[in-house]
Amino acid sequence: DSSTNVVVGGTDLGVGVSVASNTQLGLNVAYFLNESWNVELLAATPFKHDITLNTVGALGSAKHLPPSVTVNYFLLPGNGKVQPYVGAGLNWTVFFSEEFTGANSAAGFANLELDDSFGFTVQAGVDVPLSETLHLNGSVRYIDIQTDATFTLNGTPGAVTVDIDPEDVVPGALAAGSRLQLGHVDVVVGDDVECPHQRAWLVAHGEGQRRSPAGTSMKQPENP
């Protein structure tokens with residue numbers, strides 16, 4: 001992360017802020033349009049980040065949610081061995097529960113607010129099938145997050161702009177799947193910035209038949 005210098009009442013204080021990393025539960029759901037393209041939604045439980053005033057100490061904290069929509073392209077459709085893919089999309093990050101520490105509130109800091117962020121996200125990865133129902137996946141994702149923070153210090157307005165730009169790295173995760181009739185759905189369980197996470201995938205790809213909840217096969221009705 002990086003930031004501009006903090007400005008209070010038009011005066012540059014000469015120091016910026018830092019945002020600490022945090023780990024939470026993540027969820028990815030993807031729908032395959034065909035063998036080459038899918039649309040993926042990234043969601044997560046709320047992240048909480050501690051904010052530090054550089055060279056000074058703890059300043060406050062804030063929470064955020066980073067939902068993202070990505071369109072992914074698989075480079076080798078129909079290849080049963082390796083499925084590399086790249087993707088790009090949009091991110092909307094919502095900040096809430098912004099607050100100063102008790103000591104800073106007592107010193108006159110108040111009214112902390114972080115603007116929502118709209119930016120792009122890109123990712124690249126690869127799926128390697130180990131069997132019909134088990135895959136090995138690795139991927140890396142970059143999200144562009146920038147927010148303008150405003151506050152008051154003893155009634156005087158202040159502001160700072162922060163670039164967070166997290167990278168979500170998945171160096172190697174097993175993905176379990178079963179074949180269904182409707183499209184392709186990926187369910188991912190993971191965590192946050194620069195932390196590897198495990199994945200559990202539900203994979204569905206049309207094969208002309210559907211599995212019942214008990215695991216038995218049900219034939220598709222023939223067209224009249």
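**View 1. Ser131 in the loop between β12 and β13.** In this predicted model, the loop that holds Ser131 runs between β12 (117-129) and β13 (134-143). Ser131 has a relative accessible area of 37%, so it falls in the partly exposed class, between the 20% limit for buried and the 50% limit for exposed. For a sense of how the chain folds back here, look across to Gly80: Ser131 and Gly80 are 51 residues apart in sequence, yet their C-alpha atoms are 10.0 Å apart in space.

**View 2. Strand β10 and its pairing with β8 and β9.** Here we follow β10, which covers residues 83-100. Strand β8 (residues 57-65) pairs with β10 in the antiparallel sense, over 5 bridges. To find that pairing on screen, pick Gly60, whose bridge partner in β10 is Phe100. Strand β9 (residues 68-74) also pairs with β10, again antiparallel, this time over 7 bridges. A handy marker for the β9 pairing is Val71, bridged to Ala88 in β10. While you're looking at strands, remember that in a regular strand the side chains alternate between the two faces of the sheet.

**View 3. Where β10 meets β12.** Stay with β10 and bring in β12: the two strands run antiparallel and are joined by 11 bridges. Asn91 makes a good place to start, since it stands opposite Gly119 in β12.

**View 4. A patch of negative charge on the surface.** Four residues gather in this patch: Glu113, Asp115, Asp116 and Asp148. Let's zoom in on Asp115, which sits in the loop between β11 (109-114) and β12. Its relative accessibility is 39%, so Asp115 counts as partly exposed and clears the 30% cut-off for patch members.

**View 5. The salt bridge between Arg141 and Glu40.** How many salt bridges does the model have? The count comes to 1. The pair is Arg141 and Glu40, and their closest N and O atoms are 3.3 Å apart, which puts them inside the 4 Å limit for a salt bridge. Arg141 belongs to strand β13 and Glu40 to strand β6 (residues 37-44), so this contact ties together parts of the chain that are 101 residues apart in sequence. Are these two partners buried or exposed? Both Arg141 and Glu40 are buried, so each has under 20% relative accessible area.

Conventions: Residues numbered from 1 in each chain as written. Predicted model: local features only at pLDDT ≥ 70, side-chain atom pairs only at ≥ 80, totals over all residues. Heavy atoms only, no water. Helix = DSSP H or I, 4+ residues; strand = E, 2+ residues; numbered from the N terminus. Buried < 20%, exposed > 50% of the residue type's maximum accessible area, 1.4 Å probe, protein only. Pairing = 2+ DSSP bridges. Patch = residues over 30% accessible without salt bridge, like charges linked within 9 Å, V, L, I, M, F, W, Y side chains within 5 Å. Areas by Shrake-Rupley, 256 points an atom, 1.4 Å probe, with all protein chains shown as cover. Salt bridge = Lys/Arg side-chain N within 4 Å of Asp/Glu carboxyl O. Lys, Arg positive; Asp, Glu negative; His and termini not counted. Charge placed at Lys NZ, Arg CZ, Asp CG, Glu CD.
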